Amino acid sequence: MKGKVVITFGTFDVFHVGHINILERAKEYGDYLIVGISSDALNMAKKNRYPIYSQNERIKIIRALRCVDEVFIEESLELKMNYIKQYSADVLVMGDDWTGRFDWVKDACDVVYLPRTPSVSTTEIIEIVKKI
């Protein structure tokens, strides 16, 4: 039995401490943490660029974390409710940069928005590396 199921989503490209922080904090809301990783195509649609690491590499990175119990590929932002129901999630955890944007799933599960780690973002890291 899985107990209380938590689901979260992200690209998790150029993995950094902010990713670890949100995943560890997400796990505190339940017993079983499921992570949806944006497909390469979804990332292109969202950010107009492919991730640095392929979806298979990002899956391998996230699966290696002891706080993560299961990983799947998120194909579409519009399918959040389907994923929540498919995995019988009790809680959806997202970063606070998404605050309010997933309140529409509150009939299916609790929704928690966690603060992001200050001064750490994949986009900023990529910009810094480009300048070097």
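These legends walk through several close-up views of one predicted protein model.

Residues are numbered from 1 along each chain as its sequence is written, and side-chain values use heavy atoms, with hydrogens and water left out. Because the model is predicted, local features need pLDDT of at least 70 and side-chain atom pairs count only at pLDDT 80 or more, while totals for chains, interfaces and linings use all residues.

**View 1. The whole chain has five helices and five strands.** Helices (H or I, at least four residues) and strands (E, at least two) are DSSP runs, numbered from the N terminus. Follow the chain along its sequence and you meet the pattern β-α-β-α-α-β-α-β-β-α. The protein chain has 132 residues, and 48% of them count as buried. Here buried means under 20% relative accessible area, exposed means over 50%, and partly exposed lies in between (1.4 Å probe, protein chains only). About 7,400 Å² of the chain is exposed, with carbon and sulfur atoms supplying 52% of it. Such accessible areas come from the Shrake-Rupley method with a 1.4 Å probe; for residues, only the protein chains shown count as cover. Contact means heavy atoms within 4.5 Å. Among contacts in the chain with a separation of 6 or more, 64% come from residues 24 or more positions apart.

**View 2. Five strands line up in an open sheet.** In what order do the strands sit? The order is β3-β2-β1-β4-β5, with parallel pairing. The edge strands, β3 (70-74) and β5 (110-114), each pair on one side only. From one strand to the next, the twist averages 25 degrees. For such angles, axes are lines fitted to C-alpha atoms (for helices over the stretch in contact), and angles run from 0 to 180 degrees between N-to-C directions. Two strands pair if DSSP finds at least two bridges between them.

**View 3. Strand β4 is covered on both faces.** Five of the five residues of β4 are buried, so this strand is largely enclosed by the rest of the structure. In a regular strand the side chains alternate between the two faces of the sheet. On one side of β4 look for Val91, Val93 and Gly95, and on the other for Leu92 and Met94. Five bridges join β4 (residues 91-95) to β5, and the two run parallel. Valine 93 has valine 112 of β5 as its bridge partner, and methionine 94 stands opposite tyrosine 113 in β5. β4 also pairs with β1 in the parallel sense, over three bridges; there, isoleucine 7 has leucine 92 of β4 as its bridge partner.

**View 4. Valine 5 is found in strand β1.** Is valine 5 buried or exposed? With a relative accessible area of 4%, valine 5 is buried. Leaving aside neighbours within four places in sequence, valine 5 is in contact with Tyr32, Ile34, Tyr87, Ser88, Ala89, Asp90 and Val91. Valine 5 and isoleucine 34 are 29 residues apart in sequence, and their C-alpha atoms are 7.4 Å apart in space.

**View 5. Ring pairs link Phe9, Phe72, Tyr83 and Tyr87 into a cluster.** A pair of aromatic rings is described by the distance of the centres and the angle of the planes. Rings of Phe, Tyr and Trp (its six-membered ring) pair if their centres lie within 6.5 Å; planes under 30 degrees apart count as stacked, over 60 as edge-to-face and the rest as tilted. How many aromatic pairs does a search of the whole structure find? The search finds five. In one of them, phenylalanine 9 and tyrosine 83 form a tilted pair, 5.9 Å centre to centre with 45 degrees between the planes. Phenylalanine 9 lies in strand β1 (residues 5-10) and tyrosine 83 in helix α4 (residues 80-86), so the pair ties together parts that are 74 residues apart in sequence. Phenylalanine 9 is buried at 7%, and tyrosine 83 is buried with 7% relative accessibility. The charged end of lysine 80 sits over the ring of phenylalanine 9, 4.1 Å from its centre. A charge sits over a ring if NZ of Lys or CZ of Arg is within 6 Å of the ring centre and within 35 degrees of the ring normal.

**View 6. Phenylalanine 12 and asparagine 48 show positive phi values.** Most residues other than glycine have a negative phi. Phenylalanine 12, in the loop between β1 and α1 (17-27), has a positive phi of about 55 degrees. Phenylalanine 12 is buried, with a relative accessible area of 5%. Asparagine 48 lies in the loop between α2 (40-47) and α3 (55-63), and its phi is near 60 degrees. Asparagine 48 counts as exposed, at 67% relative accessibility.
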